[in-house]
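Work through the exercises below with the coordinates open. Each task is followed by a solution in steps.

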Amino acid sequence: MRGKIESQQELVTIIALESFVPQEHPLRPIKKQLDQVLKLLSPTFEQMYDQEGRPSIPPERLLKAKVLIALYTIRSERLFCEMLQYNLLFRWFLDLEMSQGSWAASTFSKNQERLLKHHVATSFFTAVVELAKQEGWASQEHFTVDGTLIDAWASLESFTRKDAPPTPPDDPGNPTVNFHGERRSNATHACTTDPQARLYRKGPGREAKLCYQGHVLMENRHGLAVDGCLTLANGYGERAAALEMVGPRATTHRVTLAADKAYDSRDFVGALRLLQVTPHVAQNTSNRASAIDGRTTRHVGYEVSQQKRKRIEEIFGWLKTIGLMRQTRHRGRRRVGWMFVFSLAVYNLVRIRNLAEQAA
């Protein structure tokens, strides 16, 4: 007998959203960890808002929404708000009732400045790292540092001379720009779309791009990110950021720091030794003498660090393929850096969940 389509009736029976989510769903442990972290940040959230006025969307939900955007690689907040209208999993994760409508996309942009002002991304990242330390998954002695390029939200056509007077475009929507044969550098040119983006070439024979540099300090035991920052793209940002991140960790005991050949310079290695940090940097002997000698390479720990340091590429791989950090959707070092540190925290949440499942 052929079935007939009945018209949909209004939902009368109250059903908990909890029942729609499988018990083995991977978001369950992340939600539990995230609730612990956000509870620690409650005093910070109290300082962000006035005691009077119309209630806003709780900041806990905004941060949870950003976690979902990173985990599910949702390309924009506008698309997320559309999905929130019908996605029961997202509503359960945000503790949002069925009767509550979705948000407007402008909710994120209006609250972003408040989150930036109170350094919520850094506080969130620090709370996640403390959660890992409480579980005994974060090493305090052995670290790895590395950097990666993050493409800016700008095109090379917007990289123009600083001293050239602005000329009216032939087509306001899609102007014709011809820069072939013109020598361009950060000293003479600037990006009109994102003035803080810098033209940078990763190596000889590689194309130059407008980008930023993201830096990560990883502990070697389980591959968790314990610090991160974003700098302007230049040839010295990696080593300077490494010293800034590892320095505070060598105040009470000696630590080791692994890195690739790009960090093999006498200035950097000497600075590490002054900080009481053992430099486990890969030797660069291409037409030069390495700053790392037999005092370091003779130890077994040096070889172990060279093996462990490669795991930092897993962090960069996740950030660029899942965490939407291959090319940023924000402009300015302040906003891009906020998203970079926040994405690192989301990666740690995923990593902590995996470690907990392996230990169970």
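The exercises concern a predicted model and go from the whole chain to aromatic rings and charges.

**Exercise 1. Describe the protein chain by its secondary structure, box and burial.**

Step 1. Secondary structure: the protein chain has 13 helices and eight strands.

Step 2. Box: along the principal axes, the C-alpha atoms fill roughly 80 × 65 × 60 Å.

Step 3. Burial: of the 360 residues in the protein chain, 46% are buried.

Step 4. Surface: about 20,200 Å² is exposed, and carbon and sulfur atoms supply 51% of that area.

**Exercise 2. What share of the contacts with a separation of 6 or more joins residues 24 or more positions apart?**

Step 1. Take the contacts in the protein chain with a separation of 6 or more.

Step 2. Within that set, residues 24 or more positions apart account for 68%.

**Exercise 3. Classify the aromatic pair of Phe80 and Phe108, and place both residues in the chain.**

Step 1. A search of the whole structure gives ten aromatic pairs. One of them is Phe80 with Phe108, whose ring centres are 6.2 Å apart with 80° between the planes.

Step 2. The centres have to lie within 6.5 Å, and planes over 60 degrees apart count as edge-to-face. The pair is therefore edge-to-face.

Step 3. Phe80 belongs to helix H4 (residues 77–84) and Phe108 to helix H6 (residues 106–117), so the pair ties together parts 28 residues apart in sequence.

Step 4. Buried means under 20% relative accessible area. Phe80, at 0%, is buried, and Phe108 counts as buried at 4%.

**Exercise 4. Repeat the classification for Tyr263 and Phe268.**

Step 1. The centre-to-centre distance is 5.5 Å, and the angle between the planes is 50°.

Step 2. Stacked requires planes under 30 degrees apart and edge-to-face over 60, the rest being tilted. This pair is therefore tilted.

Step 3. Tyr263 has 1% relative accessibility and counts as buried; Phe268, at 2%, is buried as well.

**Exercise 5. Which residues do ring pairs link into a cluster with Phe80?**

Step 1. Following the ring pairs gives a cluster of Tyr72, Phe80, Phe90, Trp103 and Phe108.

**Exercise 6. Find the rings under the charged ends of Lys31 and Lys64, then count the charged side chains.**

Step 1. Lys31 has its charged end over the ring of Trp92, at 5.4 Å from the centre.

Step 2. Lys64 lies over the face of Phe93, with 5.9 Å to the ring centre.

Step 3. The protein chain carries 49 positive and 38 negative side chains, and the centres of the two sets are 4 Å apart.

How values were computed. Residues numbered from 1 in each chain as written. Predicted model: local features only at pLDDT ≥ 70, side-chain atom pairs only at ≥ 80, totals over all residues. Heavy atoms only, no water. Phe/Tyr/Trp six-rings, centres within 6.5 Å; stacked < 30°, edge-to-face > 60°. Helix = DSSP H or I, 4+ residues; strand = E, 2+ residues; numbered from the N terminus. Buried < 20%, exposed > 50% of the residue type's maximum accessible area, 1.4 Å probe, protein only. Lys NZ or Arg CZ within 6 Å of the ring centre and 35° of its normal. Contact = heavy atoms within 4.5 Å. Areas by Shrake-Rupley, 256 points an atom, 1.4 Å probe, with all protein chains shown as cover. Lys, Arg positive; Asp, Glu negative; His and termini not counted. Charge placed at Lys NZ, Arg CZ, Asp CG, Glu CD.
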